[in-house]
Structure formats: C-alpha cells, structure tokens
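Here are a few quick notes to read alongside the model. Have a look at it first, then go through the points.

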Amino acid sequence: MELLAVFLSVLVRGVGIGSTYALLAVGFVIIYRATDVVNFAQPALMILGAYFTALYVHNAGVPFPLAVLAAMGTMALIGALTERVALRPMVGEPPFSAAMVTVGVFFALFILSFRLIGSNPISTGEPWGFERIIVGDLQFRQVDIARTLISLGAIGLTGLFLQRSKVGLAMRATAMDQETSLAQGVNVGRMFGLSWAISGALAALAGVMISAGSGGTVPLDAFIALKALPVIILGGLDSIKGSVVAGLIIGVAEATALSFNSTLTPTVGENVYLVVPYLIMMLALMVRPYGLYGTPEVQRV
Amino acid sequence: MTGPRGGTASPKAVRATLRGRPALYTDYAADQAIWNTPSKRFWTILLVAAVLVTPFLPFVTRSHQADLTLVFVLAIGGIGLNLLTGYAGQVSLGHAFFVGVGALTASVLGGMPTQNVVGFELDLLIWLPVSGLVAMALGLLVAPLAARVRGLYLAILTLGLVFIGEHLFKELRSLSGGQGVGRRGPDPEILGFGLFHPQEILGVQLDRETPWYLFTFLLLFVMAVLGRNLARSRWGRAFAAVRDRDIAAEVMGVPLLRTKVLAFGVSSFYAGVAGGLLAVSFGQVTPENFGGLGGLLLSVEFLAIVLIGGVATMSGSIIGAAFVVLMPRLVEMFAPSLPLIGDGALLSVQQLEGVLFGVLIVLFLILEPRGLFGLWLRIRNYWKAWPFSY
C-alpha cells in the first residue's frame, strides 16, 4: 500500500508536469510542421504569457480564466507579429539560419521580459496554489490535476481544429507541401502567421501552468521551456501525438527520478533528474533517429 | 604549364604573364594554395604585423590585451565549430561541452592542488595538447550517435550534451571544485617560462598579459592554417560534399560515417584547446561557465561567431570572434552617451547588449547570410570592378 501510494503520487505529479511539457512541445511542433523551423523563442513567449496574465489579473482586475484567455490572445498577436517581422524574410533560407533567427528573437523578447517583470517574482493569481485533494490515504496536489486537464484539453482542441476545420486542413496542406497548397489557393504566408499565433497562445497557457503552484515566477523560469526540446525529439519533431506521449514519458520519468533523488544521489550524483530527459532522448535516438512518431525524411538523390 | 605557343613556358615568362593579373592561375597547386590570392597574403601579413605591434602601442591597456586574447581564444573554438558546422554541415549546440572538457582537463593537469581539488602543475606543452585530445576522445565517442541523426534533431541532441556536461562537471568535485565554487585555472608555463607573468625579453619589459597574448595569437595562427589546410584537403572536400548532399556524397564514395566522425573529432580537438586557453584567461573555472545555461549561452556564442563571421571561412571565424567579444565593449563605451540607456532608464547596459546581440544575429541572417565575411566580399567586389557596377 505504501509503495502504491508513492507510485500514484509520483504518477500524478509526473503526468501533471509532463502534460505541460507536451503543451509546450505542441507549440514547437506546429511551427516546425508549418515552416521547418524549431522556434527557440518559445521560452520567451512562455514567460511573457505568464507576465501578461499577471498584468491583467492585478492591474486590470480581470478574473483569472479571462485573464489567461486574454494573455493567450496577446501572445498569439506577438507570435504572429514576430513571424511577420523576423521569420518571413527567412523563407527559402536554410532551416538552420531560420532557427538561429529565432534565437535572436529569443534574446530580444527575453530581455524585454526581464525589463517588464523586474526582480520581484510575479504571481498569476491562479486559484490552485498549494491546495491538495485528499482521497482516502492519498494526497494529490490540485495543480497537477489542473495542469493535466487544461493542458491535454488545449492540445485536444488544437488537434480537433487541425483535423476538422477548413483552416486546419489548409494548415496541414501547407505542412505537407507549400507550393502545391499555394497552387490550390491556400494563403501560405497567413498559415505561417497562424501557426505562430497558435504556438504563442499555447506558450502563454504553458507559462501559466508552469507558474501555477510555484508561488511566483521570475524571468529565468523561461528556461523550463527547454525541457520541451527533449520531448519533441523523443516524440518526433512533426508529430503532435508524439509530443503528448513523449511529454508524459519524460514528465513521469523526471518525477520518478526526483522522488528517488536522495536514494540516487550516492551513486549517480545530486539532482540527476535534471539530465534524465536528455538521457532518455539520447537512448531513444539510438534506436529511432526520428523519434517515436516522427516522419522519416524521404530523400531523392 | 603551357605557354601561348604550346611550348613549355619558362618561370620568368609565367611571372611576366602573372604581373597585373593576380587572379590568373596557371596550375592547380596555385589555385589550391593556402594563400591563393595576393590580397590574402597581404591581409595576413598586415594582420600579423598589427597584432605584433598592438601591445606596444601607448594607448593599449592591459585590459585591451586581455580582450584581444579572448578574441584569439574564441576564434580557435570558432574555427573548430566552423569545421563541423560550416564545412561539414553538422549543426552542434554542444560545442561548449567540449570547451568545458578542455578547460577542466587543463585545470586538473596544469592547476595547483588544493584541499578540495587535485592538480598536477604540469607544463603547458603537456596539458594543452592533452586537453585537446581528451575533448577529441569524447567527441569521437559521441560522433557515431550524432552521425545517425540530422539537422535539428542533431542540434537538440548536442544541446543535451551541455546539460549532461553540467551534471558531470558538478559531480566530479575533486576535479572541478563543484557547483558554484569551481577551481583556479592553470598557470601556463613552458619549460619554466611563465606565459602569464611579467617578462623581460631582449631588454623590453612586457606586461603580465603580453606573453599570453602573443602565445594565443601564435596558436590561433597555427590552428587557422591547419584548419584551412584540412579544409582544402581530400577530407575537407568530403566535409563539403556531406554538407551539400549527404546521400550524393555517399553514392560518390565518400564514407559518410567516417567523415562525420572525423569532423566531430577535429572540431572537439579545437574546442578542447580553446577550453584549455580559456581556463587560463578566465582564471577561475566553474561548472556554470561551461554547463547548463551558461554552456548553452557559450554554444550560442560560438554559433554566432560562425554565422556572423561567415560560414565555412577561416577568416570569418576570427572576424566573428572579434565581433562577439568587442561588440559589448563598444556598447559599454558608447552607452553612457546614448539616451534612454542607464540603470533607471529604459534599458540597462547589459540589457542593451543582449538585445543588440539578438537583433544583430537576426539582421545578419536576413540581410547578409554570408556574414561579415560577405560584407567584405561585397566591398572588395565593388572596388575590383570600379568604376563599373559589375
């Protein structure tokens, strides 16, 4: 029973953080599918999302759920704007140069977030805090349940949008072949902007989820978003399903390593849970070079 | 070598033909020479002369010399990454890991032992090559895995190295000094001659920084020439073939795995040497310099050196390193006179530096993908054809 309790609490915690990673990863994947670019600016978009939520809650007095939606809207706008200004001129350039441009954008936006947030941690006014749910002998943190439901819900809605709506179809067509979809009357440039907007909105939501239950957010928390990089590689750069599966795997593995941290310390060193995601990613790449669900690149000679 | 009438031309006749036509190559060796144009020869000599004179100019302070030394050291690392990323097309975000391995090896072999850390106080002639070789060994170890994946998968895989490196650097406490503490770097000595001490040579009094400045430049010169030599060799052509189309290269008989592994090995060797030199220049080596976020930033700086300087050019790596080191200095110099910049104003000086760094990367990639080297090419071509536009 004792072991089962530990197992369940680790599982809930891991699934909670893992689905947040999945949410971030989906943001990466959507942009990658549309433009073949890994968006290294995602961490900055995430932290700005948390900032705008806090701004709307504390300065404008908007209720928390509405503030989150408004922040998602704001970040969608900033995302689309970034694409138009910095990324659109890179169409046709090697994907790596474009990825480097996003690194430049990251620096600019990240410094902006430092400037906006300042040195005091901000709170998004989220309702979960350190509350717990008690089921019999078991205790779960509310924030983990909330993270799981909200993140997976948002990913589900995004997937539904891509699968069922006309615009989603156009986006998938653009991802498959830009020239052909252009010939079919799809406004490819607008699809690029839209994928950045969706990605910015998801990043904002992820920022709120990361900040929830932590007591406060500082600009350096942006780097938590880097955890999504092993997730997208493990899942496959172009697969939303892969992001979810890999996000959960890495979240649970990390939570497990964290809860056994004191047992593991003598053998493999302190805080080994920080490198567990990267180790899993490397092991997986040895077996599957395109991740679990990634599409192998077909090359003609 | 045939003359205009079909007969073999005398060397004197060839020289006469060449006069005023420096771009005319009469044989393959001249085309492939390390200094294959007179202007390259001219600029190299000018650069060497300028570097040798600089420390003795009256307005050059010791901190200027330290900055230029940093340029030389980062340029060595940048050349390493350029061989891997620019020539062989394998994008790596893990360069800082190999630099860190070099720095750690140098500190252990060349540094002083204390209560907490081991140190052997060896000669630079031993620890510098060994720090390159240790980094190279790790590079060769990672390479077979890295050769399996491509493009952005590779970039993120190598990013993992930086985080795993942080863990290792922190945990190997008897070598690195542990988290947040670190250890002192080595004190460079060649056969008893201190390279980081005030010296007197031929009656000229040198600052503490000057011998080290001259030594790192000598090393940069040698390693740049070696790098260019590798790039024009059979293996260098194999690198370029793999970068441009790996399947086509394989079909033509370029061994893909061996080429990529070699590129990783050579690049890590350069990184290790640069790391060993950095350990001296920094004075203090901490795990945070080379692992985790610090390492990621260092890796990004190296990529910026390659991209801003010029992809697949040796001189580009040097220009890029100069840019990355000296740009913040210029900003610091001019920032006080700019409006809206300062502690209480819109941006602080550090924030301005960060924003400028990001914005410049974006601008360069958008406006001149060939980097600073490309700007130079434009200027040169303009004057070459002057007064015609092309």
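**Notes on the interface and cavities**

1. No salt bridges turn up across the interface of chain A and chain B, taking one as a side-chain nitrogen of Lys or Arg within 4 Å of a carboxyl oxygen of Asp or Glu. Bear in mind that this is a predicted model, where local features need pLDDT of at least 70, side-chain atom pairs count only at pLDDT 80 or more, and totals for chains, interfaces and linings use all residues. Side-chain values use heavy atoms, with hydrogens and water left out.

2. The two chains, A and B, bury about 4,000 Å² between them, 76% of it on carbon and sulfur atoms; that is accessible area (1.4 Å probe) lost on putting the two parts together, summed over both. In chain A, the residues losing the most area to chain B are A:Phe96, A:Met100 and A:Arg115, together 16% of what that side buries.

3. Contact (heavy atoms within 4.5 Å) links 51 residues of chain A with 44 residues of chain B.

4. The largest cavity has a volume of about 60 Å³. A cavity here is a set of points on a 1 Å grid over the protein atoms alone where a 1.4 Å probe fits but cannot get out, and lining residues have an atom within 4 Å of a point; the volume is the space filled by probe spheres set on the points, which are joined across faces, edges and corners. Its lining is A:Ile30, A:Arg33, A:Ala34, A:Leu162, A:Met171, A:Arg172 and A:Ala175.

5. The second largest cavity, about 40 Å³, is lined by chain B residues including B:Phe169, B:Pro287 and B:Phe290.

Note on methods. Residues are numbered from 1 along each chain as its sequence is written. Chains are lettered from A and ligands numbered from 1 in the order in which they are written. On a 1 Å grid over the protein atoms alone, a cavity is a set of points where a 1.4 Å probe fits but cannot get out, and a pocket is an open set with protein on both sides within 12 Å along at least five of seven lines; lining residues have an atom within 4 Å of a point.
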